[in-house]
Amino acid sequence: MTWTQLREKFAAAYEPKDLALLDKAYAFSDKYHAGQKRFSGEPYVIHVIETAGILFELHSDPDTLAAALLHDCLEDTTATAEDIRREFGDKLLELVDGVTKISTRVFRDSEERKAENLRKMVLAMAADIRVIIIKLADRLHNMRTLEFLPVDKRLRFARETLEIYAPLAHRLGMGRIKDELEDLAFRHLHVEEFRALVDQVAAFQEQRRQVIVGAQAEIERLLGELDIHARVYGRIKHLYSLWVKMSTQNKDLTQIYDLMALRIIVPNLKDCYAALGIIHSLWKPMPGRFKDFIAMPKTNFYQSLHTSVIGPSGEPLEIQIRTEEMHRLAENGIAAHWSYKEGKDEGEHYESRLAWFRQILEWQRDLHDSQEFLEALKIDLFKDEVFVFTPRGEVKSLPRGSNPIDFAYLIHSRLGDTIVGAKINGRMVPLRYEFKNGDIVEVVTRSDNRPSRDWLNLVKTAKAKNRIRHYFRDLDKNEMEAQGKLLLEHELARCGSTLAEITREDKLLEAARSMNFKTLEQLFIQIGDGNVTARSVAAKVGLTPAATVPQPPASAHKPAYKGGNENGLHLPGIEGVVTRFAQCCHPIAGDPVVGIITKGRGISVHRRDCPNVHALLQESGRLVEVAWDNASAAEQNLEIFVQAQERDGLLSDLLQAFKDVGSQVKNTSTRTTPQKIVNGMYTIQVKGQAHLRDVVLRLEKVKGVLKVSRRASG
């Protein structure tokens with residue numbers, strides 16, 4: 001399309017002052033894009049003309065069209081934001097800037113760049129939804145000319161369209177844009193499948209043409225008798241959704257009921273249901289195939305009646321019935337609210353259609369990681385819906401597969417944090433229960449309950465995932481702070497000082513600020529997370545360690561401590577730090593042990609003779625004193641190696657031996673050599689050194705046993 005052709009359309013639709021704005025926008029764009037070419041070899045300005053043309057077909061307002069003509073000036077030309085503000089004002093600048101990619105930052109990789117550009121666009125959409133309408137038109141024209149790009153860029157562009165932009169168009173109710181974006185991406189990502197399906201659909205369409213024409217004439221005749229002036233026409237399901245349905249349901253073309261459908265457009269709501277009655281009296285409806293999206297609109301506010309009948313030829317036929325207004329919204333979605341015929345939005349009705357974006361704005365504030373943002377956005381874009389009711393009868397939409405945890409967080413974060421169960425239709429169900437359409441959901445809470453990390457594997461909504469992650473991120477931050485403080489205390493002790501001393505003298509706060517930390521808490525967190533070393537902080541306050549290399553603390557010569565943690569351990573002078581047993585040496589109560597401060601995982605407890613401990617002796621400040629709590633009798637897993645001569649009943653006798661001394665066997669693994677020697681590894685539960693000795697002595701008495709040993713450390 002040329003500017004002259006598009007301008008003729010503009011002139012027929014707009015007032016002179018609006019046409020003057022569009023002329024000015026085109027002249028500005030043409031000036032700054034002068035000499036630029038696209039991959040196709042066309043002048044670059046053709047792209048902005050085509051983008052504006054797509055938006056004109058959506059009946060966009062003059063400001064949207066002017067912004068479309070200017071949309072690449074900031075990104076691809078020497079034009080500045082001040083140039084656009086001076087010529088066109090702040091409002092148009094906001095629209096153009098919202099569509100413009102971030103160019104002033106250095107990103108780790110292309111995924112981070114994509115995520116941050118999307119985040120910028122989402123924030124701009126909050127101020128003006130027309131930003132995404134322009135972006136979708138821009139993307140559609142680029143997809144229409146995708147064959148001119150290099151293959152790798154073409155595939156990346158098509159994949160991003162399927163993952164982000166087509167679902168965005170769907171969530172905005174822009175069905176026509178969404179269908180074309182999907183089909184164009186399908187064409188480039190699955191070339192052979194696309195061509196084969198095009199041929200199959202063409203042949204099928206030819207076979208069914210007479211059936212559709214006959215059904216169309218019959219419906220028009222019957223509606224005419226009731227003085228209902230309707231438009232009736234046939235439509236073929238778009239190729240990508242057809243391919244997905246065939247692939248996921250393992251069906252061929254003849255088994256797709258909604259491949260070809262009749263669409264009936266009637267004047268008003270009453271006529272929709274009148275037309276439905278006529279259809280069902282004319283042909284037999286198929287059970288379970290009627291959907292009333294008028295009474296229960298989709299979350300993108302799509303409205304229509306869908307029914308499937310056994311048509312005149314005895315084959316299934318889908319029929320969609322809607323009003324002209326419903327059809328306009330189904331095709332153009334949110335863009336219809338910015339039609340030049342309407343001028344302004346529709347108040348509360350318009351705002352309700354943006355509820356999804358308000359939710360995105362709410363949870364994106366908690367997401368600082370680009371990949372998390374992109375993941376959460378995709379979750380919300382791709383969801384298939386299920387509708388449930390609150391006890392008060394309010395309808396809530398959730399992704400299919402959602403459970404009471406998702407529902408609770410949808411209502412309020414505090415409700416989600418404290419949920420312990422739910423009643424569905426008056427009956428108690430577990431938290432992993434997956435909703436069905438029409439469920440009435442009542443959440444059961446307990447004020448002292450808190451989220452579980454396991455919930456992250458259960459929930460389906462971005463809001464629930466992000467709230468749970470946020471909760472544990474705060475907990476982890478507290479743990480990091482405690483670990484950082486601990487590391488610094490050990491380093492200062494090696495330097496002959498204490499944390500209390502340098503804090504009292506404000507030396508530590510000065511050091512923190514010199515390292516660009518506002519508070520000591522921020523400094524401790526960064527030390528605990530491994531981003532700052534305790535040694536560098538000590539150096540900042542003018543302290544250096546002694547020259548001697550530290551040895552593991554001799555906890556074997558220390559008295560036992562009472563009141564240990566949940567692992568039966570005590571860390572003198574340290575409280576609230578998570579401990580875990582090292583998997584390399586499996587220490588048990590009574591073993592000489594030492595603690596190693598790890599990055600982000602608390603203190604790892606090793607046996608003193610573990611080779612990994614010796615490897616860490618040179619890393620100052622990481623070794624801490626650990627002692628067993630004598631009062632502890634907690635069971636711990638341990639691996640025992642047993643070597644024996646092969647014989648009948650050997651395994652049974654070994655298992656009985658473990659049972660005799662009260663040791664439960666959790667897992668076994670055996671291998672027999674050609675020399676008839678059985679080497680077995682048994683994961684058992686023991687309650688400390690004394691219990692382990694009983695286990696070994698009992699096993700050694702089993703007939704044929706040659707050797708019993710604890711799994712070697714390291």
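This is a dialogue between a student and a tutor on reading the features of a predicted model.

Student: Before looking at single residues, what is the overall make-up of the chain in helices and strands, and how many of its residues count as buried?

Tutor: In this predicted model, the chain holds 28 helices and 21 strands, and 49% of its 714 residues count as buried. The chain exposes about 34,600 Å², of which carbon and sulfur atoms supply 50%. For contacts between residues at least 6 apart in sequence, 67% join residues at least 24 apart.

Student: How should I read the nonpolar interior, and which residues touch the most other members of the largest nonpolar core?

Tutor: A nonpolar core is a set of buried nonpolar residues joined through their side-chain atoms. The largest one here has 71 residues, and Phe-10, Leu-136 and Ile-177 are those that touch the most other members. If neighbours within four places in sequence are left aside, Phe-10 is in contact with Trp-3, Leu-19, Leu-22, Ala-52, Phe-56 and Leu-65. There is also a second, separate core of 32 residues, with Phe-517, Val-532, Ala-538 and Ile-603 among them.

Student: Phe-10 is an aromatic residue that touches Trp-3; what is the geometry of the aromatic pair that Trp-3 and Phe-10 form?

Tutor: For a pair of rings one looks at the distance between centres and the angle between planes, and planes over 60 degrees apart count as edge-to-face. The count comes to 15 aromatic pairs. In one of them, Trp-3 and Phe-10 lie 5.9 Å apart centre to centre with 70° between the planes, an edge-to-face arrangement, and both residues are buried. Elsewhere, the ring centres of Tyr-433 and Phe-435 are 6.2 Å apart and their planes stand at 70°, so this pair is edge-to-face as well. Tyr-433 counts as buried because its relative accessibility is 14%, and Phe-435 is buried with a relative accessible area of 4%. Trp-3 and Phe-10 also belong to one aromatic cluster together with Tyr-14, Tyr-26 and Phe-56.

Student: Where do charged side chains sit over rings, as Arg-139 does over the ring of Phe-157?

Tutor: One follows the charged end of a lysine or arginine to the centre of the ring beneath. The charged end of Arg-139 is 3.9 Å from the centre of the Phe-157 ring and sits over that ring, while Lys-24 lies over the face of Phe-88 at 5.3 Å from the ring centre.

Student: What surrounds Asp-138 and Glu-182, and are these residues buried or exposed?

Tutor: Asp-138 is found in helix 9, residues 130–144, and is buried with a relative accessible area of 6%. Not counting residues up to four places away in sequence, Asp-138 touches His-47, Thr-51 and His-71. Glu-182 has its place in helix 11, residues 175–189, where a relative accessibility of 11% makes this residue count as buried. With the same exclusion of sequence neighbours, Glu-182 touches Leu-162, Ala-166, His-238 and Tyr-240.

Student: Tyr-240 is one of the buried residues of helix 13; how do I read the buried residues of such a helix, and what covers them?

Tutor: An α-helix has 3.6 residues a turn, so residues three or four places apart point the same way. In helix 13, residues 239–249, the buried residues are Leu-239, Tyr-240, Ser-241, Leu-242, Lys-245 and Met-246. Their cover includes helix 10 (151–171), helix 11 and helix 12 (191–225). Just after helix 13, Asn-250 takes a positive phi of about 55°.

Student: Which residues have a positive phi although they are not glycines, and where do they lie?

Tutor: Two cases in loops between strands serve as examples. Asn-425, with a positive phi of about 55°, is found in the loop between strand 9 (419–424) and strand 10 (427–429), and counts as partly exposed at 48% relative accessibility. Lys-676, with a positive phi of about 65°, has its place in the loop between strand 19 (665–672) and strand 20 (677–686), and counts as exposed at 52%. The cut-off for exposed is over 50%.

Student: How many disulfides does the structure hold, and are Cys-73 and Cys-495 buried or exposed?

Tutor: A disulfide is judged from the distance between two cysteine sulfur atoms, and the structure holds 0 disulfides. Cys-73 is buried with a relative accessible area of 0%, and Cys-495 is buried with 14%.

Technical notes
Residues numbered from 1 in each chain as written. Predicted model: local features only at pLDDT ≥ 70, side-chain atom pairs only at ≥ 80, totals over all residues. Heavy atoms only, no water. Helix = DSSP H or I, 4+ residues; strand = E, 2+ residues; numbered from the N terminus. Buried < 20%, exposed > 50% of the residue type's maximum accessible area, 1.4 Å probe, protein only. Contact = heavy atoms within 4.5 Å. Areas by Shrake-Rupley, 256 points an atom, 1.4 Å probe, with all protein chains shown as cover. Phe/Tyr/Trp six-rings, centres within 6.5 Å; stacked < 30°, edge-to-face > 60°. Lys NZ or Arg CZ within 6 Å of the ring centre and 35° of its normal. Core = buried A, V, L, I, M, F, W, Y, C linked by side-chain atoms within 4.5 Å. Disulfide = S-S within 2.5 Å.
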